[in-house]
Amino acid sequence: MLAAMPPPSSTPPNQGEPRIEDPLGAVVHDVRATDRDATRAPARPAPVVRGRGDACPGALRLHGADDGKLARLRLPGGILTNRQVEALAVAAERYGDGHLGITSRGNAELRGIGDSCGTGLAELLRHTALLPSERHERIRNIVASPLAGLDGLGHGTLHPWLRELDTLLCGRDWTTALSGRFLFALDDGRGDVAGLGADVTLLAQAEGTAVVRVGASALRVAAADAPRAALEAARAFLATAAAADTGAWRVRELPPGHEVALADALAHAGIPAEPTPVPDAHATAPEPGTAAAPDGTYAVIVAPVLGRVTSAQLRALAGPGGEVRITPWRGFVLPGFDERAAHEKLRQLDDAGFITTPDAPWTGVGACTGRPGCAKALADVRRDALPDPGALPVHWSGCERRCGHPHGDWVDVTATPDGHYTVAVRGAREHQVPVVEGELAAAVAAARSGLA
């Protein structure tokens, strides 16, 4: 048993976010949703073979979209200081369209960037520690449990893991070979971000241990070794991907017979590990409102409508804790309030246009960029999206790529070439939802409530 240790084109790409997956976890390529829906059982896709490098945008590699250039800023764990929040507000005003988009990995996007603005944006990010390494900035993809250390659940803060893993990633030359879509998840043990389909997942456990998971493999290590174990797991993936020679960017894209040898990798690195069952994981967003900590402090939880905030809304997020956490569900967690101040802040953010209650009309409603920003989009989904609370999240997509859709069970509303939308429930029990002409809202509401 391990000794207990204390936790220490003009077309945007896939938004660094997941596409539709089949039940076995493979990325679906060249399989139209209409074909899948016709059979009600998704066909197993051919093995993924990529003939090009990853073109995922970053803070320095800007992408040309229909509404100007796009920058994606990696924010490990979604953690920002108040000063960095102000810097992003300035960046949105000075270089972008005045808004900041939040991705399903807790990263940030600036759109509408002018052709000559890239250098100024990079300088602003450097001066506020948002660009610690130019060579590694696209591979700093780390999501973390947003309420870790704030509500008494889980096994404490994840800040030490975040800092160490980010430092390790930025301090190795070989890590630049990782795709801009390769994802790490750091879970405080509650199982929330462990359900987001990351390539390498760390789950904090009791008695100073952690589970490191890659694909179907899970090993228990000392908590102090967890960040280094995650790094070695990524190194082992690169070796496996090179041997497979299919150009895989992510673990789930590896062909059959090419599994990451996690145990061998940790043994070679001198990290003691033992087999362990995979803990339960369910991707669950924190509900808007407040969360109380055992020490008597409170965190405020809000979300922007359709995942976009204005620069003024960004500035409104600053709080006494000096920290803002962006969640993988496109929300914000603000720690450091007493009870009275937390409720006052929630009221202020409601006035500023944020979603502040679980039953608010826009709770759980998401959308991709759509027209006019994306050339592949068939509709202006942000205009068409409907506010309607429901048990299941709903995502409005401008095309069959479905960029940024949720994990788990969700409602899929997708534009079609004939100017209409299809509605389907995705997840454990996938099925199409009939849409009667002129009654799209009713179909979406029925799907979200579980009645369809």
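1. In this predicted model, strand S15 (residues 323-326) is covered on both faces. Glu323 and Arg325 lie on one side, Val324 and Ile326 on the other, and all are buried. Two of these names, Glu323 and Arg325, may catch a biochemist's eye, but they are listed as buried along with Val324 and Ile326.

2. Strand S15 has pairing partners in S3 and S16. Strand S3 (residues 79-81) is joined to S15 by three bridges, and the two run antiparallel. Within that pairing, Ile79 has Arg325 of S15 as its bridge partner. Strand S16 (residues 332-337) also pairs with S15 in the antiparallel sense, over two bridges. Here Ile326 stands opposite Phe332 in S16.

3. S15 and S16 form a hairpin, with five residues between them. In the turn, Arg330 has a positive phi of about 60°.

4. A separate point concerns the open sheet of five strands, ordered S1-S2-S5-S4-S14, with antiparallel pairing. Its edge strands are S1 (63-65) and S14 (308-310), each of which pairs on one side only. From one strand to the next, the twist averages 30°.

5. At the S14 end of the order, strand S4 (residues 99-102) is joined to S14 by three bridges, and these strands run antiparallel. One facing pair is Gly101 and Arg308, the latter in S14.

6. Ser311 belongs to helix H7 (residues 311-316). Is Ser311 buried or exposed? Its relative accessible area is 10%, so Ser311 counts as buried, the limit being under 20%. The Ser311 side chain makes a polar contact with the side chain of Glu93, at 2.9 Å. Neighbours within four places in sequence aside, Ser311 is in contact with Ala89, Glu93 and Gly98.

7. The largest nonpolar core has 41 residues. Trp161, Leu178, Phe184, Leu186 and Phe237 have the most contacts inside it. Elements giving two or more residues to this core include strand S6 (142-144), helix H4 (159-170), strand S7 (184-187) and helix H6 (262-268). Helix H5 (226-244) is also on that list, and H5 gives the most, with ten residues.

8. For Phe237, again leaving aside neighbours within four places in sequence, the contacts are Leu178, Phe182, Ala248, Trp249, Arg250, Val251, Leu254 and Val260. Apart from the largest core lies another, of 40 residues. Among its members are Leu73, Ala89, Val324 and Phe354. Two of these have appeared above: Val324 is one of the buried residues of S15, and Ala89 is in contact with Ser311.

Notes. Residues numbered from 1 in each chain as written. Predicted model: local features only at pLDDT ≥ 70, side-chain atom pairs only at ≥ 80, totals over all residues. Heavy atoms only, no water. Helix = DSSP H or I, 4+ residues; strand = E, 2+ residues; numbered from the N terminus. Buried < 20%, exposed > 50% of the residue type's maximum accessible area, 1.4 Å probe, protein only. Polar contact = N/O pair within 3.5 Å; in protein donor to acceptor, adjacent residues only side chain to side chain. Contact = heavy atoms within 4.5 Å. Pairing = 2+ DSSP bridges. Axes fitted to C-alpha atoms, helices over the stretch in contact; angles between N-to-C directions. Core = buried A, V, L, I, M, F, W, Y, C linked by side-chain atoms within 4.5 Å.
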